[in-house]
Amino acid sequence: MPANPDPTVHATHGPAALLGRFEALHAQLLEFTRACTAAGWQATTAEEGWAAGVTIHLVGAIHYPVIDQVQAMRDGQPLTVTTMADVERLNAAHVLEHAACTPAGTIAFLDVAGARVRDWLRTLADEDLALTADIPFMGGSTTAGRLLQVVLLDLAAGHLQAAREAAARGRTTG
């Protein structure tokens, strides 16, 4: 695929823009985690029904590893997570396993996971974002760029918003 001749498209949709949006979201996740009260950390998200803290931890554990799926696309390998059942199974297992996660542990985890994502995103080229794969939970044939946008950024931002709202309400799990 030839390089995009329109520099404004590259600036808003290319690998560097994706990296910038990731770094901004990652900083927000860390800021929320550092500022969250103990009650807020345990508050239940309205949509997912998970504690705010485990929801933030899940972003690093489930959303950040979408880079492995895109790397498989780059390498011509099959993807391991393609259906909504796969996603729901991973989410449920994570929530159970990390229900007692702490803000300090989550910050340490996000620091490591975030650095891995940042380093990997720096290796992307425009043509990598145009790679496609059949991913049923994304509605079928999807580009790597769209997969990264939706899972790494949009859905992760949605989880952050849900955690913020839960913490603000102060509802607790139970």
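## A loop residue to start with

Let's begin with Thr45, which sits in the loop between helix H3 (38-42) and H4. Keep in mind as you look around that this is a predicted model. Is Thr45 buried or exposed? Thr45 counts as buried, because its relative accessibility is 0%, and the cut-off for buried is under 20%.

Thr45 also brings together two distant stretches of the chain. Its C-alpha atom is 5.6 Å from that of Ala162, although 117 residues separate Thr45 and Ala162 along the chain.

## H2 alongside H9

Now for the helices. As a rule, a packed pair is described by two things, the angle between the axes and the distance between them. Take H2 (residues 15-35) and H9 (residues 144-169): their axes cross at roughly 20° and come within 11 Å. That angle makes H2 roughly parallel to H9, since anything under 35 degrees counts that way. The crossing of H2 past H9 is left-handed.

Which residues of H2 meet H9? On the H2 side you'll find Leu18, Arg21, Phe22, Leu25, Gln28, Leu29 and Phe32. Their counterparts in H9 are Leu148, Gln149, Leu152, Leu153, Ala156, Ala157, Leu160, Ala163, Arg164 and Ala167. Sorted by class, the contact of H2 with H9 has 13 nonpolar residues, along with 2 polar and 2 charged ones.

## Thr33, further along H2

Thr33 is another residue of helix H2. With a relative accessible area of 1%, Thr33 is buried, because buried means under 20%.

What does Thr33 touch, once residues up to four places away in sequence are set aside? The list is Trp41, Ile56, Pro103, Thr106, Ile107 and Leu110. Of these partners, Ile107 is worth a second look: the C-alpha atoms of Thr33 and Ile107 are separated by 6.9 Å, with the two positions 74 residues apart along the chain.

## H5 against H9

H9 has another packing partner in helix H5 (residues 66-75). The axes of H5 and H9 are 10 Å apart, and the packing angle is about 175°. H5 and H9 are therefore roughly antiparallel to each other, as the cut-off for that label is over 145 degrees.

From H5, the contact uses Val66, Ile67, Gln69, Val70 and Met73. H9 supplies Ala144, Leu147, Leu148, Val151 and Leu152. By class, the contact of H5 with H9 divides into 9 nonpolar residues, 1 polar and no charged. Leu148 and Leu152 of H9 turn up here, and they are also among the H9 residues that meet H2.

## H4 and H6, with His57 in the middle of things

H4 (residues 52-63) packs on helix H6 (residues 84-97) at an angle of about 125°, with 10 Å between the axes. H4 and H6 are therefore oblique to each other. H4 passes H6 in a right-handed crossing. In the contact, Val54, His57, Leu58, Ala61 and Ile62 of H4 meet Leu90, Asn91, His94 and Val95 of H6. That gives 6 nonpolar and 3 polar residues, with no charged ones in the contact of H4 with H6.

His57 deserves its own look. This H4 residue is buried, with a relative accessible area of 6%. Leaving out neighbours within four places in sequence, His57 is in contact with His94, His98, Cys101, Thr106 and Phe109. Thr106 is also one of the residues touched by Thr33.

## Ala115 in H7

Ala115 belongs to helix H7 (residues 103-121). Ala115 counts as partly exposed because its relative accessibility is 25%. The C-alpha atoms of Ala115 and Glu88 are 26 Å from each other, with 27 residues separating the pair along the chain.

## The hairpin

Last up are the strands. S1 (residues 132-135) and S2 (residues 140-143) run antiparallel and are joined by 4 bridges. Within that pairing, Asp134 has Ser141 as its bridge partner, and Ala133 has Thr142. Together S1 and S2 form a hairpin with 4 residues between them, and Gly139 in the turn has a positive phi of about 95°.

Where do the S1 side chains point? In a regular strand, side chains alternate between the two faces of the sheet. S1 shows that alternation: Ala133 and Ile135 point to one face and are buried, whereas Thr132 and Asp134 point to the other and are not.

Conventions
Residues numbered from 1 in each chain as written. Predicted model: local features only at pLDDT ≥ 70, side-chain atom pairs only at ≥ 80, totals over all residues. Heavy atoms only, no water. Helix = DSSP H or I, 4+ residues; strand = E, 2+ residues; numbered from the N terminus. Buried < 20%, exposed > 50% of the residue type's maximum accessible area, 1.4 Å probe, protein only. Contact = heavy atoms within 4.5 Å. Pairing = 2+ DSSP bridges. Axes fitted to C-alpha atoms, helices over the stretch in contact; angles between N-to-C directions. Parallel < 35°, antiparallel > 145°, perpendicular 65-115°, else oblique. Left-handed = near helix turned anticlockwise from the far one by under 90°. Nonpolar A, V, L, I, M, F, W, Y, C, P; charged D, E, K, R; others polar.
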